[in-house]
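This report describes selected features of one protein model with its ligands. The sequence and structure are shown first, and the description follows.

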Amino acid sequence: MVNLLDFDAEGLAAWFAQRGEKPFRARQVLRWMHRFGEDDFERMTDVAKSLRAKLAEEAEIRGPVPVRDSIAADGTRKWLLGVDNEVGSGNAVETVFIPEATRGTLCISSQVGCALDCSFCSTGKQGFNRNLTTAEIIGQLWHANRALGAARTPGGTDEGERVISNVVLMGMGEPLANFDNVVAALKLMLDDNAYGLSRRRVTVSTSGIVPAMDRLRDTVPVALAVSLHAPSDALRDQLVPINQKYPLRELMAACQRYLEKAPRDFVTFEYVMLDGVNDSAADARALLALTRDVPCKFNLIPFNPFPQSGYRRSSPERVRRFQEILMAANIVSTVRKTRGEDIDAACGQLAGQVRDKSRRTTIPLRPVVTATPAAGRSRTPEVHR
Ligand code: SAH
Ligand code: SF4
C-alpha cells in the first residue's frame, strides 16, 4: 500500500498522472488529507466514486500511531508517536505543541534519535536508529491538527482558526541530515492546498551542516536557526562534534549565504547556557566578534537537565549578564522560556523511544506506555500536573 502522506504536491500529481488522473484530482485529495485531516477516501465527497474506490484499493492515508499524550500544567502538550506500526515495541518520536497568547507552535522531530551526539543533548545520547519518512514528518503536523481539533471542516470557512500557526523542526534529530524527506515535508507545510504556512513561520534548526544549509537555501528557504552554543572552535568541537567537520568560519559564511534568500533578514543563533562551560562574560564578547558580519538574533536556552548529563544550568544572573552584553551591542537576545518541563517536553529533553543502532546509548530509555493506542481524535489525554 502506498501511503499518500509520503507525497508532496508534485509527487502526488505525478502518482495520479501515472494512473491517468488529472492534476486537479491530486489537488482535491491533497486538500482532503491535509487541510481537513481526512484519512478515509469514502468521505472525500467531491471526488468521483470510481476514483475513491480505486484509491482505497491501492493507497492509504496512514498517520503516526499515538502511544502517549501528555499535557503539562502550562498547557504544553506532548505526543509520543509510534512510527513503526508496532505499538510499544518499535521506534517512537516526540512532537510538542506550545500554545502562546498570539501563536501556537508545533515542534516536530525529523529522525529517530540523532547521530550527531552533541554532549548536552538527551536525543543525541539516545543514539540513532533511522531517518523519518516524509509521511512520518508531515504526519506529526497532520496528527496534531486533528488532535487539537484544528483540521478545517470542508463545510466551514477557509479562514478557520489557525491553532498551529508556526512549525519548528527542533524536536528529535538533525533535520538537514534527512534532507530530502524534510524538504518534501516543508513543501507541504507551505502548500496552500495543504497547511499554507508562510516561510517565516516555519523554522529549521540545524547544528550546522554547511552544504545542506546551502541546498536548503536553494530549495525551500524557510526561517533558519543555527545551534551555535560556543564562541570558539576549541569549545564547539567538544559540545557540537559536527563542528570538527564544518568549523565556525565556514558556518558563519554559510549563514551569510543563507540570508541572501531567507524569509527574515536575520539568522537565529540558539545558545544553550551551560554553567561554567560557555556562559562567561568573555564568551559573550567573543560571540560578538564571531558574529560581527552576520545579521542575527540570539536565543539563549537555559540548559534542560536529564539523567547523567554532567552539566548544570547557568544561574538566571549569569544568563542575564550574558544577555546584557549582547544587547549592549544591539544584538536582540531573548531567553527561551522553558515550557512543559513537567512532562519532559522542554528543548533537548525529547527522548521518544530509540532502538539505537549506533551502540552509543548511555542513559536508560524512559519507560514507554504500551497501553492500547486509542483513535487519535477521541483519546483522553493523560494529564500530568
Ligand atoms: N538537531 C537540531 C534540532 C534539534 S535540537 C539542532 O541541533 O539544532 C533543538 C535545540 O535544542 C538545539 O538548539 C539544541 O542544541 C537544543 N538542546 C539540545 N539539548 C538541550 C538541552 N539539554 N537543554 C537545552 N537545549 C538543548
Ligand atoms: Fe542532534 Fe541537535 Fe541533539 Fe545535536 S542538539 S545531538 S544535532 S538533536
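## Helix α1 and its surroundings

The model is predicted. Opposite the buried side of helix α1, the exposed residues Glu10 and Gln18 are carried on the face that is turned away. The buried residues of this helix, which spans residues 9-18, are Leu12, Trp15 and Phe16. These three lie on the same side of α1 because they cover an arc of only 100 degrees around the axis. This agrees with a general property of the fold element: an α-helix has 3.6 residues a turn, so residues three or four places apart point the same way.

The packing partners of the buried residues of α1 are two strands, β1 (2-3) and β2 (59-60), and two helices, α2 (23-35) and α3 (49-58). After α1 comes glycine 20, which has a positive phi near 75 degrees.

## Proline 66 in strand β3

Strand β3 comprises residues 65-71 and includes proline 66. With a relative accessibility of 10%, proline 66 counts as buried, because the limit for that class is under 20%. Glutamine 140 is 74 residues away from proline 66 in sequence, yet the C-alpha atoms of the two are 9.9 Å apart in space.

## Salt bridges

The model contains 21 salt bridges. The general basis is that side chains of opposite charge can pair when their charged atoms come close. One of these pairs joins aspartate 40 to arginine 43, with 3.8 Å between the closest N and O atoms. Both partners are partly exposed: aspartate 40 has a relative accessible area of 28%, and arginine 43 has a relative accessibility of 43%.

Glutamate 270 and arginine 336 form another salt bridge, at 3.3 Å from N to O. This pair links distant parts of the chain, 66 residues apart: glutamate 270 belongs to strand β12 (residues 267-273), whereas arginine 336 is in the loop between β14 (333-335) and β15 (382-383). Here both partners are buried, glutamate 270 at 4% relative accessibility and arginine 336 with a relative accessible area of 18%. Elsewhere, Arg217, Asp218, Glu260 and Lys261 are joined into one network by salt bridges that share partners.

Within that network, the closest N and O atoms of aspartate 218 and arginine 217 are 3.2 Å apart. The two differ in burial class: aspartate 218 is partly exposed, at a relative accessible area of 47%, while arginine 217 counts as buried at 14%.

## Ligand 1

Ligand 1 is surrounded by 21 residues, of which Phe120, Ser205, Ser227, His229 and Asn304 are the closest. Serine 227 places a polar side-chain atom 2.6 Å from an oxygen atom of ligand 1.

Backbone atoms also take part in the contacts. A polar backbone atom of glycine 173 is 2.9 Å from a nitrogen atom of ligand 1. For asparagine 304, a polar backbone atom likewise lies 2.9 Å from a nitrogen atom of ligand 1.

## Ligand 2

The shell around ligand 2 consists of Cys114, Leu116, Asp117, Cys118, Cys121, Gly124, Gly173, Glu174 and Ser207. Classified by residue type, this shell has four nonpolar, three polar and two charged members. Glycine 173 therefore has a place in the surroundings of both ligands, given that residues with a heavy atom within 4 Å count as near: it is listed around ligand 2 and also provides the backbone contact at 2.9 Å to ligand 1.

Terms used: Residues numbered from 1 in each chain as written. Chains lettered and ligands numbered in written order. Predicted model: local features only at pLDDT ≥ 70, side-chain atom pairs only at ≥ 80, totals over all residues. Heavy atoms only, no water. Buried < 20%, exposed > 50% of the residue type's maximum accessible area, 1.4 Å probe, protein only. Helix = DSSP H or I, 4+ residues; strand = E, 2+ residues; numbered from the N terminus. Arc of directions from axis to C-beta. Contact = heavy atoms within 4.5 Å. Nonpolar A, V, L, I, M, F, W, Y, C, P; charged D, E, K, R; others polar. Salt bridge = Lys/Arg side-chain N within 4 Å of Asp/Glu carboxyl O. Polar contact = N/O pair within 3.5 Å; in protein donor to acceptor, adjacent residues only side chain to side chain.
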